[in-house]
Amino acid sequence: MDTHNNPAPIEQQTPSPETVDIAIPSPEGSTGLSSRQELPVEVEGTPAGQIVVTPATLPVPTRQRLIWLRTLLKNPKALVGIAIVSIFILVAVFAPVIAPGDPTEFVDSPNLPPSATHLFGTEGQGKDVFRQTVWGARTSLFIGFVTGLIITVVSTIIGMSAGYFRGRIDDVLTLLTNLFLVMPGLPLLIILSAFLAPGTGTIIGALAFTGWAFGARVKRAQTLSLREKDFVAGARVGGESSFKIIFSEIMPNMISIIMGSFISATTYAISASTALAFIGLGNVSEVNWGTNLYWSQNNGAILQGAWWTFVPSGLCVALVAFGLSFINYALDEVTNPRLRAEKELNNVLKGKNFRKTRTRATPVYRQPR
Amino acid sequence: MRYILRRLGFYLIAFWAAITLDFFLPRLLPGDPAATIVGSGGQLDPQQLQAVKEALGLSDQPLILQYFTFLTHAIRGDFGISYSNFPAPVFSVILTGLWWTLLLGGCSVIFSFLIGNLIGIFGSWRRGGAVDSFVPPLLVLVGAFPPFFLGLCALYLLGFQLRWFPTRHAYEDTLTPGFDLAFFGSVIQHMLLPSLVLVLAHLGGWALGMRNTMVGILAEDYITMAEAKGLTQNRIMYRYAARNAMLPSITAFGITLGFVLSGQLLIEQIFSYPGLGFLLISAVQKLDYPLMQGLFLMITLAVLVANFIVDIIYTRLDPRVRAG
């Protein structure tokens with residue numbers, strides 16, 4: 001099966017059983033269809049031995065592909081998640097307006113409870129907790145989104161290559177993925193950050209190094225099933241390069257999975273970087289939610305009863321993670337046909353005198369024609 | 001049997017990869033590794049310096065020989081001397097923490113797995129019912145909190161403010177470890193709060209995963225068949241649906257062990273619970289590099305062994321794997 005990455009004899013590549021015995025002319029042949037042509041063309045074989053070539057118009061497939069995105073934007077869970085995350089992004093961007101002043105400045109006596117002058121009180125060294133929380137959003141979110149992006153790119157490339165090429169390449173990449181999956185993440189992260197030169201770059205690198213495997217696995221599985229689809233076979237018959245098939249045929253059909261994996265990678269990066277900063281790895285003089293918690297614990301906030309020094313930062317991390325996972329649950333609801341069928345059934349049965357507890361079997365969803 | 005052997009082979013490769021990573025780590029340190037380590041580890045005499053170099057496998061030998069020396073030492077469990085507990089060997093320091101980690105981790109993982117899956121089963125069975133509508137979203141909200149932050153809040157509220165639970169260590173300082181009731185009581189009392197936090201943190205994931213798998217399984221024909229046969233509801237629920245829905249949960253069990261352990265490391269640090277996580281974080285803070293390396297390998301080994309046990313259980317539950 002490792003012949004799939006180069007244009008092999010066409011007869012081997014017509015996959016579905018009903019299209020056997022069709023001799024399709026080679027791409028360079030008399031039909032004059034070449035891969036350089038810009039218009040997308042669908043090549044199909046019929047049982048009678050005819051070849052049907054349909055030039056597809058561009059906007060139609062694009063719209064169908066992104067149908068989930070529009071459904072997502074109508075999903076209440078997704079809207080709640082998007083709202084929460086957007087608020088935090090705005091807070092991070094407008095930190096100088098919302099909480100003017102240097103967050104590392106000593107403003108008052110230590111451990112003051114929340115008041116009108118210091119909204120969230122002051123921490124164990126007399127710094128303003130509100131300023132630290134608002135400014136902390138900047139680094140925390142920055143690390144989170146940048147790492148999420150890196151992890152998504154790495155895991156997409158590795159997962160899709162493994163799923164598309166199969167054979168030797170798949171064996172090696174899958175072994176690598178499984179190795180990283182089985183290694184305990186945080187201990188690896190801790191010793192990496194402890195041994196490497198400290199800094200934001202190191203933290204991002206270490207987070208990406210330990211966090212790519214799960215996404216790669218999910219994408220490999222999806223690529224494996226997509227590569228058997230007719231449109232991929234069609235592109236292969238059309239003489240497209242593997243690179244082009246992966247990125248312009250398979251990838252657009254995986255956007256929802258890639259987006260889901262970006263969101264979980266970002267959630268992971270925010271929580272893990274906070275955990276690392278909390279135990280004092282990374283730059284402790286920088287202001288982010290993790291270092292806020294680190295200083296709170298180091299200054300004995302729990303013993304002093306100064307709950308306001310650790311609750312805001314921890315709550316921010318939790319809220320961002322909650323918002324992101326809400327988007328992901330909504331994404332799952334929109335793209336998983338079974339969960340979707342469930343929802344449709346509930347809508348139909350709403351207000352009707354129907355004992356739903358008696359119907360246990362999950363309904364099956366069909367796309368309306 | 002072939003499946004088990006294949007998994008065993010994979011875990012051996014994984015362990016070897018962890019040792020290799022461990023070997024290269026000190027070489028990633030900026031500058032001369034031995035000097036950096038000793039410089040930050042405090043004053044050592046030449047004899048100790050030599051011991052440090054040997055422990056790290058840093059000698060003047062060619063790299064490949066250094067690597068094999070390190071490999072054989074690691075397999076024997078010889079990681080040299082821990083600076084922060086001088087002159088105790090790393091291995092004996094690790095052993096003091098291992099049992100506490102296994103106790104706390106084992107209990108909390110098993111409880112969160114059982115309770116979470118039960119919630120998932122009931123939720124999917126009565127979809128749209130009270131359990132299904134309120135419990136999973138609530139658990140997801142709790143699960144979004146970083147476990148260590150839950151730990152901080154629980155410690156502050158239940159430990160320091162309400163004084164319901166002891167706030168540190170694995171047992172009362174006044175007791176000596178032994179096989180008596182007072183000691184066991186104290187151990188359980190000290191374990192309650194950290195394991196409660198860990199169970200809460202991971203419950204949502206199990207419940208939601210189980211629910212979604214069950215929703216899929218309940219659409220299968222054999223469930224309709226079982227209903228048509230007039231089997232009791234309990235039999236369909238546990239023997240037909242849940243048993244099959246367990247399989248992805250069991251697979252996930254292996255993978256999540258790493259995550260669970262990660263959360264536990266920080267919880268141990270917060271509750272000063274003397275397990276591997278507490279040791280690892282204090283080793284990081286005291287820049288005790290040999291102890292860090294040894295702990296990383298030991299934690300990896302624990303996760304690999306636990307995964308292997310999960311694989312064996314999996315073959316018992318899924319006859320298809322045994323046949324394949």
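Student: Which residue forms a salt bridge with Arg227(A), the closest N and O atoms being 3.2 Å apart?

Tutor: A salt bridge is a side-chain nitrogen of Lys or Arg within 4 Å of a carboxyl oxygen of Asp or Glu. Arg227(A) brings the nitrogen to this pair, and the closest N and O atoms are 3.2 Å apart. The residue on the other side is Glu228(A).

Student: What pLDDT do side-chain atom pairs need to count?

Tutor: Residues are numbered from 1 along each chain as its sequence is written, chains are lettered from A and ligands numbered from 1 in the order in which they are written, and side-chain values use heavy atoms, with hydrogens and water left out. This is a predicted model, in which totals for chains, interfaces and linings use all residues, local features need pLDDT of at least 70, and side-chain atom pairs count only at pLDDT 80 or more.

Student: Is Arg227(A) buried or exposed?

Tutor: The relative accessible area decides this: under 20% is buried, over 50% is exposed, and in between is partly exposed, using a 1.4 Å probe and protein chains only. The partner Glu228(A) has 41% and is therefore partly exposed. Arg227(A) has a relative accessible area of 2%, so the word for Arg227(A) is buried.

Student: Which residues do salt bridges that share partners join into one network?

Tutor: Glu240(A) and Lys244(A) also form a salt bridge, with the closest N and O atoms 3.9 Å apart, and Lys244(A) is partly exposed at 38% relative accessibility. The network, in which salt bridges share partners, joins Arg166(A), Arg227(A) and Glu228(A).

Student: How many residues apart are Arg220(A) and Asp170(A)?

Tutor: Their side chains meet in a salt bridge of 2.8 Å, N to O. The pair links distant parts of the chain, with Arg220(A) in helix H9 (residues 213-226) and Asp170(A) in helix H6 (residues 167-182) of chain A; helices (H or I, at least four residues) and strands (E, at least two) are DSSP runs numbered from the N terminus. Arg220(A) is partly exposed at 23%, whereas Asp170(A) is buried at 7%. Along the sequence, their separation is 50 residues.

Student: How many disulfides are there over all chains?

Tutor: A disulfide is a pair of cysteine sulfur atoms within 2.5 Å. The sulfur of Cys316(A) is 13 Å from the closest cysteine sulfur, in Cys153(B), and is therefore too far for a bond. Cys316(A) is buried at 12%, while Cys153(B) is partly exposed at 25%. By this rule the number of disulfides over all chains is 0.

Student: What area is buried between chain B and chain A?

Tutor: Buried area is the accessible area (1.4 Å probe) that two parts lose on being put together, summed over both. The contact, meaning heavy atoms within 4.5 Å, takes 58 residues from chain B and 51 residues from chain A. Carbon and sulfur atoms give 77% of the area, and the total is about 5100 Å².

Student: Which helix gives the largest share of the side of chain B that touches chain A?

Tutor: Several helices of chain B each supply at least two residues of this side, including helix H6 (130-144), helix H10 (233-270) and helix H12 (289-317). The largest share comes to 11 residues, and the helix that supplies these residues is H1(B).

Student: How many salt bridges are there between chain B and chain A?

Tutor: Over all chains, the salt-bridge rule gives a count of 5. Between chain B and chain A, however, the number of salt bridges is 0.

Student: Which residue's side chain is joined to Asp311(B) by a polar contact of 3.0 Å?

Tutor: Asp311(B) lies in helix H12 of chain B and counts as buried at 9% relative accessibility. Leaving out residues up to four places away in sequence, Asp311(B) touches Tyr3(B), Ile4(B), Arg7(B) and Tyr11(B). A polar contact is a pair of N or O atoms within 3.5 Å; within protein, one must be able to donate a hydrogen and the other to accept it, and residues adjacent in sequence count only if both atoms are side-chain atoms. The side chain that makes this 3.0 Å contact with Asp311(B) belongs to Arg7(B).
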